[in-house]
Amino acid sequence: MEHSPAGKPNFDWVAPFYDFLAFLVFGHRLRRAQVIFLKQIPANAQILILGGGTGWLLQQVLTHCQPNRVVYLEASANMLALASKRVINHNVAGSVVFRVGDETCLKPEESFDVIITPFVLDLFTEEYLQAALIPQLQTVLNPDGLWFVTDFVNPRIGWQKLLLWTMIRFFRLTAGIETAELADWQRLLAESGLQRNQQEVQVSGMVSTEVWRL
Ligand SMILES: C[S@@+](CC[C@H](N)C(=O)[O-])C[C@H]1O[C@@H](n2cnc3c(N)ncnc32)[C@H](O)[C@@H]1O
């Protein structure tokens, strides 16, 4: 189980069984939450999917959204390999740039009409989101672009708190995530000057799917 040197998450070890684990705990509900607002992606969009995992969402985007180009930026080489294999196996057409790395691997000349971060913001501390991840993604979002976030939100019910606590411990152990608690990413996005256009709460209130814009 290798962790990234700079304390950044490394999902390589978890990659082969990540989808199975997610299904075991949540059934198809995490997947359903990710596609709620996908139909709002305009045709011909430049799309960044950051932390898409094994590529199920990429397949949905290529099948239903007619993008101009998708940059699939994944920190885990194993996740990325599974995603590219999935696109080939399912014979899904589209222009996709598969890139191993994180937000620091975005090129200065790149800009996107749509950014998608599915279950990624929950991996980081508030300090990192505020100082690094959110501003870096903001700079590559077009002025009229949309940022689709699907993620866990702080639950109020006891069993949900326990489940979230267990998940965070599990990923601290297996993927080396640094955070010990769920960041209030909604507040941080709002404080960064973004505005929430839409929201739908899922999974008995544990997950929120949202569309933000500058
Ligand atoms: C919790 S998993 C979610 C995977 C997928 N979105 C899903 O819902 O099935 C988080 C994913 O984000 C990737 N990741 C974590 N930090 C990242 C970063 N800074 N840039 C790109 N990918 C990242 C991990 O490698 C992992 O595949």
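This report walks through the overall fold, one helix, the ligand site and a few loop residues.

**Ground rules.** What you see is a predicted model, where local features need pLDDT of at least 70 and side-chain atom pairs count only at pLDDT 80 or more, while totals for chains, interfaces and linings use all residues. Residues are numbered from 1 along each chain as its sequence is written, and side-chain values use heavy atoms, with hydrogens and water left out.

**The whole protein.** Let's start with the big picture. The protein has 7 helices and 7 strands; here helices (H or I, at least four residues) and strands (E, at least two) are DSSP runs, numbered from the N terminus. Along the sequence, they come in the order α-α-β-α-β-α-β-β-α-β-α-α-β-β. The C-alpha atoms fit a box of roughly 45 × 40 × 35 Å along the principal axes. The radius of gyration is 16 Å, which agrees with the value near 17 Å for a compact globule of 214 residues. That radius is taken over C-alpha atoms, and the globule rule is 2.2 Å times the number of residues to the power 0.38.

Of the 214 residues, 50% are buried. Buried means under 20% relative accessible area, exposed means over 50%, and partly exposed is in between (1.4 Å probe, protein chains only). Now for contacts, meaning heavy atoms within 4.5 Å: among those with a separation of 6 or more, 71% join residues 24 or more positions apart. The accessible surface is about 10,300 Å², and 54% of it belongs to carbon and sulfur atoms. Such areas come from the Shrake-Rupley method with a 1.4 Å probe; for residues, only the protein chains shown count as cover.

**A covered helix.** Take a look at helix 3, residues 56-64: 7 of its 9 residues are buried. They are Trp 56, Leu 57, Leu 58, Gln 59, Gln 60, Val 61 and Leu 62. These buried residues pack against several elements, including helix 2, strand 1 and helix 4 (77-89). Just after helix 3, Gln 66 takes a positive phi of about 45°.

**The ligand site.** There are 21 residues around the ligand, and Gly 51, Glu 74, Ala 75, Glu 103 and Pro 118 come nearest. A residue counts as near if one of its heavy atoms lies within 4 Å. The shell divides into 12 nonpolar, 6 polar and 3 charged residues. In this scheme, Ala, Val, Leu, Ile, Met, Phe, Trp, Tyr, Cys and Pro are nonpolar, Asp, Glu, Lys and Arg are charged, and the others, Gly among them, are polar.

Here are three side chains whose N or O atoms sit within 3.5 Å of an N or O atom of the ligand.

| Residue | Ligand atom | Distance |
|---|---|---|
| Gln 34 | oxygen | 3.3 Å |
| Glu 74 | oxygen | 2.5 Å |
| Glu 103 | nitrogen | 2.7 Å |

Taken alone, the ligand exposes 590 Å², and the protein buries 94% of that.

Gln 34 belongs to helix 2 and counts as buried, at 15% relative accessibility. Leaving out residues up to four places away in sequence, Gln 34 touches Leu 57, Pro 118, Phe 119 and Thr 150.

**Two loop residues.** Asn 44 isn't a glycine, but has a positive phi of about 70°. Asn 44 sits in the loop between helix 2 (29-34) and strand 1 (46-50) and is exposed, at 52% relative accessible area. Ser 204 has a positive phi too, near 50°. Ser 204 lies in the loop between strand 6 (195-202) and strand 7 (207-213), and counts as partly exposed at 49% relative accessibility.

Note on methods. A polar contact is a pair of N or O atoms within 3.5 Å; within protein, one must be able to donate a hydrogen and the other to accept it, and residues adjacent in sequence count only if both atoms are side-chain atoms.
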